[in-house]
Amino acid sequence: MTGTAACSSDDNGGSSGGTVTAEGTDDGSELALWTRAPLELQARKLVEAYNKSHKNQVKLTVVPNDDYVAKVGAAAGGGGLPDLFAADIVYVPNWTKAGLFADLTERIKLLPYAGTINQGHLQAGTFEGKEYVLPFVLDLSVIFYNKKLYQEAGLDPSKGPTTIDEFKDQALAIQKLNKPGVFGTYFGGNCGGCNVFTWFPMIWASGQEVMNPEGTQSLLDGAAAQKVYATWRELQAAGAIAPGAKEETGATWVAAFQQGKVGVMPYPATLLSTAAKTVDVGVVPIPGVDGGASTFVGGDGIGISKDSKKSDQAWNFLAWLTSEAAQVDVLAANDSTVSRTDLVDNKYSQKDPRVATVNKVAASPQSKTPVAVNFQQAFNAPGSPWMTLVRNQVYGDPSGLSKDNAALTDSLAQ
């Protein structure tokens with residue numbers, strides 16, 4: 001970080017002297033950082049690089065994903081949160097409203113590239129006009145397709161789907177190969193989070209919304225949403241969805257594609273390097289009804305906790321996290337998406353057009369992070385109203401869409 005910009009602040013995130021700087025303080029302090037297990041690889045790389053280049057030393061604690069919410073909740077109640085903690089971006093609005101993070105508004109303003117930081121994550125961490133989190137690690141949804149299977153099916157292996165109908169037709173073409181154990185597509189039929197991550201972008205790419213701006217009303221009965229549901233219902237009727245999808249909770253959601261058994265499916269971009277070890281992977285943005293491109297900008301945000309007594313030192317880590325040194329030389333170097341639009345084209349993305357595709361769709365205006373205080377209950381929780389809607393639309397009676405959408409609104413508005 002360069003420059004000496006500073007401003008006065010007497011908020012939670014200010015220094016003891018009331019002045020905050022763009023760089024924060026690097027004085028050899030020990031900082032505690034918590035993250036959930038799915039981001040362990042990126043978190044360890046970031047902490048290792050920071051510790052090697054700074055006097056401050058960050059001690060990382062990785063928590064099993066299923067235990068993370070409870071651990072944060074218990075620590076928050078007892079005043080025992082670490083200096084820094086990451087949060088699944090869909091939890092951020094709830095935890096921000098609950099006061100778990102310190103206010104970073106004045107600090108973020110001092111970053112010379114503040115306007116280039118991923119807006120979806122910043123907006124998810126904004127409450128009553130104040131900003132509380134920065135992006136930690138982005139996780140984006142894109143379309144992965146198996147180039148080898150495409151070639152066998154007579155499809156152009158250099159061209160993935162550009163509309164929802166093309167997605168359906170290409171999946172059906174793979175299915176018509178009648179290869180034992182190979183299917184057109186796959187999805188998490190009992191995984192709410194899997195489907196917000198991969199179906200919402202099809203609606204956004206079509207120019208429509210999934211919720212009202214306040215996150216209190218579901219709009220998932222619109223024309224584009226109905227087209228998405230009908231597409232998956234048709235694929236199911238054609239036998240083109242691999243068996244097991246109906247009960248898939250997300251635990252093995254990505255496995256079949258990595259084993260070369262699935263032709264085309266929406267997929268987490270962070271797993272490109274893993275999937276590419278076993279499959280010749282093509283990557284395109286998630287399309288809408290008539291084209292367009294979108295992604296669910298997921299992953300985790302990170303902030304300084306309300307309990308930290310070392311906010312200046314913690315900010316030093318966050319300021320570095322947004323720097324080119326961290327974004328390009330750590331994250332991009334390890335096939336993770338950068339969270340600054342001005343760093344999308346970098347020396348690593350230029351080597352792999354697929355990585356460049358992922359980075360560019362992340363910066364698209366149609367790529368979003370949905371914000372709702374009750375997101376978890378409405379969409380991600382087992383047996384959520386969203387999961388009921390999805391299962392009815394694909395496997396049951398689709399005529400109850402209005403009722404199921406109203407139940408979603410009830411959950412969001414609680």
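**Pockets and two loop residues in a predicted model**

Me: What makes helix 8 stand out in the lining of the largest pocket?

Reply: In this predicted model, helix 8 gives the most to that lining, with five residues. Among the other elements that each supply at least two residues are helix 1 (40-53), helix 2 (65-77) and strand 13 (297-304). The largest pocket has a volume of about 1,400 Å³ and is lined by 49 residues, of which Arg36, Pro38, Asn65, Asp88 and Asp139 lie nearest its centre.

Me: How do the residues in the lining of the largest pocket divide by class?

Reply: The lining of the largest pocket has 23 nonpolar, 17 polar and nine charged residues. Asp and Arg count as charged and Pro as nonpolar, so Arg36, Asp88 and Asp139 fall in the charged class, whereas Pro38 is nonpolar.

Me: Why is Glu128 called exposed?

Reply: The relative accessible area of Glu128 is 69%, and exposed means over 50%, so the word applies to Glu128. This residue lies in the loop between strand 6 (126-127) and strand 7 (130-131), and Glu128 has a positive phi of about 50 degrees although it is not a glycine.

Me: Why is Asp335 called partly exposed?

Reply: Asp335 has a relative accessible area of 38%, and partly exposed covers what lies between the 20% and 50% limits, so Asp335 takes that name. Its place is in the loop between helix 13 (324-331) and helix 14 (353-362), and its phi is near 65 degrees, a positive value in a residue other than glycine.

Conventions. Residues numbered from 1 in each chain as written. Predicted model: local features only at pLDDT ≥ 70, side-chain atom pairs only at ≥ 80, totals over all residues. Heavy atoms only, no water. Helix = DSSP H or I, 4+ residues; strand = E, 2+ residues; numbered from the N terminus. Buried < 20%, exposed > 50% of the residue type's maximum accessible area, 1.4 Å probe, protein only. 1 Å grid on protein atoms, 1.4 Å probe; cavity = no way out; pocket = protein on both sides within 12 Å on 5 of 7 lines; lining within 4 Å. Points joined across faces, edges and corners; volume = space filled by probe spheres on them.
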